[in-house]
Amino acid sequence: MNRIGVVGAILLTLLLLAGCGSRQAACPDLDRTTTELGTVDGQVGRLRLLSVAIASPGGRGSMHIAGDSAALLLTIANDGETEDVLIGAGADVAAQVVLRNGDAAPDPRVEVPVPPGPTAVLSEVTGPHLELSGLRETLQSGLRVPVTFEFRDAGSVTLTVPVRTYTDVRPDKYLEPVAVTAC
């Protein structure tokens, strides 16, 4: 009798906990949370700099070594009525910021048109992006680095940009329904 009571109490507790955990308010939006923790947004004039981050150095415990380069990723939205141009960027932790297109040679002249309405996407290392070249110090996940972005018309803005934290777990992994089958 005693075992049945203990097992019953455990099952009842598990059912209550499962019921509490199924509330929508208790389930975080993992994808949104991950994005917000690893990026920063900013604005200068009618330009919005979105999801600005330094790419993760790789697996847990790895870092961007002094002398190497690190991808600087962002999207720029132009809410104005005229085109503007990103004409430069700089950070004290790097010798220079260059424009890259995937694996192509870096272009030290940063000139990225930002037309009104659409966005200039510089957020994938396989396509056009900025790069901190000639790092003066080692960067590891979780650090924040001041980076100044200069635009032809809107002027400049300095953001404290995070180095993304490496994660080997896909955020959507936990959003898939799990089927439970009895043996």
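Me: Leaving aside neighbours within four places in sequence, with which residues is Asp79 in contact?
Reply: In this predicted model, Asp79 lies in the loop between S4 and strand S5 (84-90). Asp79 is partly exposed, with a relative accessible area of 37%. Beyond its neighbours within four places in sequence, the contacts of Asp79 are Arg46 and Arg48.

Me: At what distance does a polar contact join the side chains of Asp79 and Arg48?
Reply: Arg48 is one of the residues in contact with Asp79. Arg48 is also the bridge partner, in S2, of Gln43. The polar contact between the side chains of Asp79 and Arg48 has a length of 2.6 Å.

Me: How far apart in space, C-alpha to C-alpha, are Asp79 and Gly117?
Reply: Asp79 belongs to the loop between S4 and strand S5. In sequence, 38 residues separate Asp79 and Gly117. In space, their C-alpha atoms are apart by 5.9 Å.

Me: Which residues of strand S1 point to one face and are buried?
Reply: In a regular strand the side chains alternate between the two faces of the sheet. Strand S1 (residues 40-44) shows such alternation, and Asp41 and Gln43 point to the face whose residues are not buried. The buried residues, on the other face, are Val40, Gly42 and Val44.

Me: Which residue takes a positive phi in the hairpin of S1 and S2?
Reply: S1 and S2 run antiparallel and are joined by four bridges. Their hairpin has two residues between the strands. The residue with a positive phi, near 60°, is Gly45.

Me: What is the approximate phi of Ser51?
Reply: Ser51 is placed in strand S2 (residues 47-54) and is partly exposed, with a relative accessible area of 29%. Most residues other than glycine have a negative phi. Ser51, a residue other than glycine, has a positive phi, near 50°.

Me: Is Glu131 buried or exposed?
Reply: Glu131 is located in strand S9 (residues 128-135). Beyond neighbours within four places in sequence, its contacts include Ser69, Ala70, Leu72, Gln96 and Val98. The relative accessible area of Glu131 is 10%, and residues under 20% count as buried, so Glu131 is buried.

Me: Which side chain is joined to that of Glu131 by a polar contact of 3.1 Å?
Reply: The partner is found in strand S6 (residues 94-101). This residue is buried, with a relative accessible area of 17%. The side chain joined to that of Glu131 at 3.1 Å belongs to Arg100.

Me: Which residue offers the backbone oxygen that the side chain of Arg100 reaches at 2.9 Å?
Reply: Beyond neighbours within four places in sequence, Arg100 is in contact with Ala105, Pro106, Gly127, Pro128, His129 and Glu131. The backbone oxygen reached by its side chain at 2.9 Å lies within that four-place range, and belongs to Ala104.

Me: Which residue of S4 stands opposite Leu122 in S8?
Reply: Strand S8 (residues 119-122) has an uncovered face with Thr119 and Val121, and a covered face with Ala120 and Leu122. Strand S4 (residues 70-78) pairs with S8 in the antiparallel sense over four bridges. Opposite Leu122 stands Leu74.

Me: Which residues touch the most other members of the largest nonpolar core?
Reply: This core has 34 residues. One of those asked for touches, among others, Val52, Ile54, Val97, Leu122, Val147 and Val161, not counting residues up to four places away in sequence. The residues that touch the most other members are Leu72, Leu130, Leu132 and Phe149.

Me: What percentage of contacts between residues at least 6 apart in sequence join residues at least 24 apart?
Reply: The protein has two helices and 12 strands, and from the N terminus on, two α elements come before the β elements. Buried residues make up 32% of its 183 residues. Of the contacts between residues at least 6 apart, those joining residues at least 24 apart account for 70%.

Me: What is the mean pLDDT of the protein?
Reply: Residues 14-36 stay under 50 and have seven contacts beyond four places in sequence in the model. Residues 170-181 are likewise below 50, with six contacts beyond near neighbours in sequence. Across the protein, 69% of residues reach 70 or more, and the mean pLDDT is 79.

Note on methods
Residues are numbered from 1 along each chain as its sequence is written. This is a predicted model: local features need pLDDT of at least 70, side-chain atom pairs count only at pLDDT 80 or more; totals for chains, interfaces and linings use all residues. Side-chain values use heavy atoms; hydrogens and water are left out. Buried means under 20% relative accessible area, exposed over 50%, partly exposed in between (1.4 Å probe, protein chains only). Contact means heavy atoms within 4.5 Å. A polar contact is a pair of N or O atoms within 3.5 Å; within protein, one must be able to donate a hydrogen and the other to accept it, and residues adjacent in sequence count only if both atoms are side-chain atoms. Two strands pair if DSSP finds at least two bridges between them. A nonpolar core is a set of buried Ala, Val, Leu, Ile, Met, Phe, Trp, Tyr and Cys residues joined through side-chain atoms within 4.5 Å. pLDDT is the predictor's confidence in each residue, from 0 to 100.
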